[in-house]
Amino acid sequence: YFQTHANALNLVRAPLTLAGGEGIKQSAAPVRRMVEALRAGNICRHSFCIAIGGGAFLDAAGLAAALFHRGVRLVRVPTTALAQCDSGVGVKNAINYAGAKNLLGTFAPPWAVLNDADFLDSLPLPLLLDGVAEAIKVAAIKDAAFFRAIERAAPRIRQRNLPVIRRILKRCALLHLEHIASSGDPYEMGTARPLDYGHWAAHKLESMSRHRLSHGHAVAIGIALDALYAARIGLLPRTQARRLVTTLSACGLPIYNPALGQTRRGSLVVLDGIEEFRAHLGGELTITFPALLGARVELHTIDTPLMADCIATLSDWGQPLNVKSRDHD
């Protein structure tokens with residue numbers, strides 16, 4: 001491609017290949033290698049850094065591009081379902097530090113994002129489901145019709161029906177992009193993070209599993225847990241909470257992990273994730289929960305004994321579900 005367009009484009013070096021996955025975010029070493037490659041190529045703020053990979057890789061590459069010359073133009077080419085429908089279209093770039101997810105980073109919108117659905121063809125179902133989990137998340141709090149579409153499509157999703165999955169991921173990406181562009185808080189200066197529904201538990205579960213549990217699968221568990229809690233406090237009808245959990249399971253996503261039951265000095269370790277979630281953004285605790293499907297509410301306090309009881313209940317719900325998905329509220 002660069003040879004064909006050599007009159008307009010100059011590729012300054014062969015691609016720098018680095019391992020993807022969450023491991024690339026566990027230290028600053030990969031970011032330093034990227035920065036050195038940008039320096040060696042004399043990349044300036046009129047040049048471009050092209051990053052091709054999954055969400056974690058794009059997070060690290062985005063941080064390198066944002067730091068170099070105080071920001072060079074970044075073109076993201078997401079290659080995973082999760083990156084194409086969520087992180088790849090966002091404005092955050094970060095790596096982990098001291099066991100905390102995304103503790104070091106910056107907000108820097110990419111110059112462009114190229115979502116090529118052909119990348120999805122080679123992905124195994126678990127990696128596709130990481131993106132579907134984010135689609136269920138955003139549908140549950142922003143778009144009831146989209147949720148019903150996913151609910152109806154769940155058997156085909158589980159069978160890896162790519163045309164169906166592609167449509168769902170595209171709608172998810174558009175909803176994320178719409179929120180970032182129109183929420184009035186793209187750089188998270190406030191205390192609410194609506195797109196992080198289910199994420200307080202997900203982030204903690206990821207770190208507890210040393211990232212053996214993927215982000216999307218952890219989010220699915222967090223969605224299920226917070227749906228159950230929302231039902232217990234009267235925010236979400238129990239029938240809708242059951243539909244939400246059933247849809248996750250019907251798609252092939254987990255709704256429970258044994259790590260939820262881990263204790264330290266008699267307390268559930270995962271509940272530490274509530275304060276860690278607040279500390280990451282600062283200010284008042286604000287956690288998004290589903291109200292009626294397609295709507296949301298932000299809560300500033302969590303009844304931890306009740307949440308612990310919800311975890312125990314979710315363990316039972318995590319057994320095979322025989323409840324059919326329904327198309328009505």
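Here is a short chat about cysteines, cores and a pocket in a predicted model.

User: Why is Cys-172 said to be in no disulfide?

Analyst: A disulfide needs two cysteine sulfur atoms within 2.5 Å. For Cys-172, the nearest cysteine sulfur is that of Cys-85, 3.7 Å away, so the pair misses the cut-off. The structure as a whole holds zero disulfides.

User: What makes Cys-172 count as buried?

Analyst: Buried means under 20% relative accessible area. Cys-172 has 0%, so the label fits. Cys-310 is also at 0% relative accessibility and counts as buried.

User: How do you know that Trp-200 is in contact with Leu-225?

Analyst: Contact means heavy atoms within 4.5 Å, and Leu-225 is listed among the partners of Trp-200 once neighbours within four places in sequence are left aside. Other partners include Val-270, Phe-277 and Met-307.

User: Which residues have the most contacts inside the largest nonpolar core?

Analyst: Trp-200, Leu-225 and Val-270 are among them, along with Ile-136 and Leu-244. That core has 76 residues, and helix α8 (residues 215–232) gives the largest share, 12 residues. A second, separate core has 21 residues, including Leu-18 and Ile-95.

User: What makes up the lining of the second largest pocket, by class?

Analyst: There are 25 nonpolar, three polar and one charged residues. The pocket holds about 950 Å³ of space, and Phe-48, Cys-49 and Ile-50 are among the lining residues closest to its centre. Strand β1 gives the most to this lining, with five residues.

Notes: Residues are numbered from 1 along each chain as its sequence is written. This is a predicted model: local features need pLDDT of at least 70, side-chain atom pairs count only at pLDDT 80 or more; totals for chains, interfaces and linings use all residues. Side-chain values use heavy atoms; hydrogens and water are left out. Buried means under 20% relative accessible area, exposed over 50%, partly exposed in between (1.4 Å probe, protein chains only). A nonpolar core is a set of buried Ala, Val, Leu, Ile, Met, Phe, Trp, Tyr and Cys residues joined through side-chain atoms within 4.5 Å. Helices (H or I, at least four residues) and strands (E, at least two) are DSSP runs, numbered from the N terminus. On a 1 Å grid over the protein atoms alone, a cavity is a set of points where a 1.4 Å probe fits but cannot get out, and a pocket is an open set with protein on both sides within 12 Å along at least five of seven lines; lining residues have an atom within 4 Å of a point. Grid points are joined across faces, edges and corners, and a volume is the space filled by probe spheres set on the points. Ala, Val, Leu, Ile, Met, Phe, Trp, Tyr, Cys and Pro count as nonpolar, Asp, Glu, Lys and Arg as charged, and the others, Gly among them, as polar.
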